[in-house]
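Visitor: I should like a close look at a single part of this structure. Please show me the model and then describe that part in its setting.

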Amino acid sequence: MSVHRWRWMIGFGLLGLLIVWQITPVLLPFVAGAGIAYFLDPTVDWLERRGLGRGLGSLLTIVSFFLACLLILLLFVPILQVQAVELAQRLPTLLTTIQERANLWLVQAQRDFGVSDADVINLRAAAGADAGKALGYVAQFVGNLLVGGLAVVNILSLVFVTPVVAFYLLRDWDLIVSKIDSWLPLSGAETVREQAREIDAILSGFARGQALLCLSLGVLYAISLRTVGLDFGIIIGLLAGLLSFIPFVGVFVGGVTAVGLALLQFDSWLPVILVAGVFGVGQILEGYVLQPWLVGDRVRLHPVWIIFALLAGGTMFGFLGVLMAVPVMAVLGVLVRFGVAQYLASDLYDPPPPPPAEVP
């Protein structure tokens, strides 16, 4: 391919990225609809193989999917709402308790190690300043996600546009794929199809497996913490399960929050150890049972790359970037591996030996 063509391709790519960046606020319902259609396409294919029309099968699948989502919301939202309201009401008391216990620990440390009053005051001021900075960074990051995504997109458009987009994409999925396939260059069509099949296998397996993984961990954490008797255990457990799509973040955030509340709630160490044990067992189950069984190595990306993709996507495109980070990185991974394989098989990597010199 000539340098001129490469320049045009890079230019169009940068232009496309700029356009996506500018229209990010209105893309969320369409991306969500496309993701739902991709997720449900095997179900519609199964119905179609059994004689049901594509349009009717798509309609039944979409209606069933959103009714199931509505049922889940009706079951869990009241519980979460009660715990969220109770947490908001008790938050000032919890913060006061934390401050009182921190003062007691500082006084005890002053007695044990002979720390002067001036050092204790400086330590308190430094800890308060660092805590304020940390909370500021967290609030800024969360604020960027919200401003870049759900806060800008009208919730009504997300609720009403997404099902319509999902239905039409699901109904016409095979036609769209066939049309795109007809545009492929004839000389390299089979190579493109092979890479597309690998991308499809990675994305479909990872998306469905990761969704089941997060749901399983959320239910496990919520039930276990509630059984131990931790206040707000359900909301913390579900939050930890939801955040588990980011490697190690779910267990870290949920574990630190749960253990911190357990230290404030219980007077003995046994419940605190049990709360910590819940996340320890959950991490073992995730790493050795659920992750290999549900997800496996489908995405073929190192956890560090996944964390980087999520942070970069959230910084650039807000909540939409978080949703698209792993799929985009998986596609790039397939293309990079293909490029590396082509390079290793080329003369550029292993040039042929020079022809033997002719003997005069």
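Guide: What follows is an account of the pairing of helices α7 and α8, preceded by its setting. This is a predicted model, in which local features need pLDDT of at least 70 and side-chain atom pairs count only at pLDDT 80 or more, while totals for chains, interfaces and linings use all residues. Residues are numbered from 1 along each chain as its sequence is written, and side-chain values use heavy atoms, with hydrogens and water left out.

The protein chain contains 11 helices and zero strands; here helices (H or I, at least four residues) and strands (E, at least two) are DSSP runs, numbered from the N terminus. Of its 360 residues, 27% count as buried, where buried means under 20% relative accessible area, exposed over 50% and partly exposed in between (1.4 Å probe, protein chains only).

Helix α7 spans residues 189–228 and helix α8 residues 233–242; the two pack at an angle of about 155 degrees, with their axes 7 Å apart. Axes are lines fitted to C-alpha atoms, for helices over the stretch in contact, and angles run from 0 to 180 degrees between N-to-C directions. The pair is therefore roughly antiparallel (angles over 145 degrees; under 35 is roughly parallel, 65 to 115 roughly perpendicular and the rest oblique).

The contact (heavy atoms within 4.5 Å) draws on C214, L217, G218, V219, Y221, A222, L225 and R226 from α7, and on G233, I234, I236, G237, L238, A240, G241 and L242 from α8. By class, these residues comprise 11 nonpolar, four polar and one charged. Nonpolar covers Ala, Val, Leu, Ile, Met, Phe, Trp, Tyr, Cys and Pro, charged covers Asp, Glu, Lys and Arg, and the others, Gly among them, are polar.

In the loop between α7 and α8 lies F232. This residue has a positive phi of about 65 degrees although it is not a glycine, and F232 is buried, with a relative accessible area of 4%.

Elsewhere in α7 is Q195, which is also buried, at a relative accessible area of 10%. Beyond its neighbours within four places in sequence, Q195 is in contact with V334 and F338.

As to confidence, the chain averages a pLDDT (the predictor's confidence in each residue, from 0 to 100) of 78, and 78% of the residues score at least 70. The mean is lowest in helix α4 (residues 117–148), at 53, and highest in helix α6 (residues 173–182), at 90. Where pLDDT is low, the predicted coordinates should not be read in detail.
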